[in-house]
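Colleague: I would like a close look at one contact and whatever surrounds it in the fold. Please take it step by step and keep to what the model shows.

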Amino acid sequence: MSEPTSTPEIASTRALIIVDVQNDFCEGGTLAVAGGAAVATAIAELVAARHQRYAVLVATQDWHIDPGSHFSEAPDFVDSWPVHCVAETPGAALHPNLAPATAHLHAAFRKGRFSAAYSGFEGRLALEGAPVEDESGPLLGDWLREHGITSLDVAGIATDHCVRATALDARTQGFETTVIAPLTAAVHPQNNDAVFEQLRAAGVTVLTLG
Ligand SMILES: [Zn+2]
């Protein structure tokens, strides 16, 4: 008897989007979000246990060169922020707690080179050997469609900014979208109920504990 080549658990049309799990957004970073490192660990555990559920697994990265007023010396933490995730610096690298998962990642999509970019759907595929400012790679949404993806699970940082924007854009682009809330960390966790309500109103499934 031969092994089955697929199981019902394997979904050829589902992708995992890991949003901005980068050093600067975790403890010790320049724009640290409480719980960021723990989210990195939890996502790595999900990937180890469940990567076969996904046809593709991708990461997004905030990747700034000169993003204008997105950076501020007097940030309001709503529209302006301390300097973070400068392209090709350690702060922009994926957090080491995510390292066990990186072998399963198919691609990284980078956003925000010259402006603020909260949604992963503004990200373009990072091409091997391309210069830091290169923006010739395909956009995330186009790449996902090229790979036959129709459903997304979204996790990462931050719940109330880039995870939210990515999930809303995913719905706008017609993807069936689930945010795995326990695998996200928020800048302002007190806003989570409102964020989840907005996501649900947009047709996003929000998985929460309990
Ligand atoms: Zn940014």
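Which residue does the side chain of R53 meet in a salt bridge, and what is the N to O distance?

Modeller: The model is predicted. In it, the side chain of R53 meets that of D153 in a salt bridge, with 4.0 Å from N to O. The two residues come from distant parts of the chain, 100 residues apart: R53 is in the loop between α1 (36-50) and β2, whereas D153 is in strand β5 (residues 151-157). Their surroundings can be compared by relative accessible area. D153 has a value of 4%, under the 20% limit, and therefore counts as buried. R53 has a value of 22% and is partly exposed.

This contact is one of 6 salt bridges in the structure. Another runs between D142 and R145, whose closest N and O atoms are 3.0 Å apart. Those two lie 3 residues apart in helix α3 (residues 140-146), which means about one helical turn separates them. D142 is partly exposed at a relative accessible area of 38%, and R145 is partly exposed at 40%. Elsewhere, salt bridges that share partners tie R14, R53, D153 and E176 into one network. The contact you asked about therefore belongs to a network that also takes in R14 and E176.

R14 leads to strand β1 (residues 14-19). In β1, 6 of the 6 residues are buried, so the strand is largely enclosed by the rest of the structure. In a regular strand, side chains alternate between the two faces of the sheet. In β1, R14, L16 and I18 point one way, while A15, I17 and V19 point the other way, and all are buried.

The strands around β1 place the contact in the sheet. β1 and β5, the strand that holds D153, run parallel and are joined by 6 bridges. In that pairing, I17 stands opposite V154 of β5. β1 also pairs with β2 in the parallel sense, over 5 bridges. I17 has V58 as its bridge partner in β2. The chain passes from β1 through α1 to β2, and this β-α-β crossover is right-handed. R53 sits in the last part of that path, in the loop between α1 and β2.

Past β5, the backbone has a feature worth checking. I157 and A158 are joined by a cis peptide bond, with omega about -10°. A158 is placed in the loop between β5 and α4 (159-172).

Strand β2 leads to a further salt bridge and to the metal. K111 and D62 form a salt bridge, their closest N and O atoms being 3.0 Å apart. This pair also links distant parts of the chain, with K111 in strand β3 (residues 107-111) and D62 in strand β2, 49 residues apart. Both K111 and D62 are buried.

D62 has a second role in the model, as a protein donor of the zinc ion. The protein donors are D62 (OD), H64 (NE2), H70 (NE2) and H84 (NE2), at 2.0 to 2.1 Å from the ion. Along the chain they follow the spacing D-x1-H-x5-H-x13-H. H70 and H84, 14 residues apart, are both in the loop between β2 (56-62) and α2 (99-102). H70 is buried, with a relative accessible area of 4%. H84 is buried as well, at 1%. What arrangement do the 4 donor atoms make around the zinc ion? The angles they subtend run from 91 to 164°, so the arrangement is irregular. For four tetrahedral donors, the ideal angle at a metal is 109.5 degrees.

Two other residues in the loop between β2 and α2 deserve a look at the backbone. F77, in that loop, is not a glycine but has a positive phi of about 60°. F77 is partly exposed, with a relative accessible area of 34%. E88, also in the loop between β2 and α2, is another residue other than glycine with a positive phi, near 70°. E88 is exposed, at 58%.

To return to the request: the salt bridge of R53 and D153 joins a loop between α1 and β2 to strand β5, and shares a network with R14 and E176.

How values were computed:
Residues numbered from 1 in each chain as written. Predicted model: local features only at pLDDT ≥ 70, side-chain atom pairs only at ≥ 80, totals over all residues. Heavy atoms only, no water. Donors = N, O, S within 2.8 Å, 3.2 Å for Na, K, Ca; no water. Tetrahedral: all angles 85-135°; square planar, octahedral: opposite > 155°, others 65-115°. Helix = DSSP H or I, 4+ residues; strand = E, 2+ residues; numbered from the N terminus. Buried < 20%, exposed > 50% of the residue type's maximum accessible area, 1.4 Å probe, protein only. Pairing = 2+ DSSP bridges. Right-handed = clockwise from strand over helix to strand, strands pointing away.
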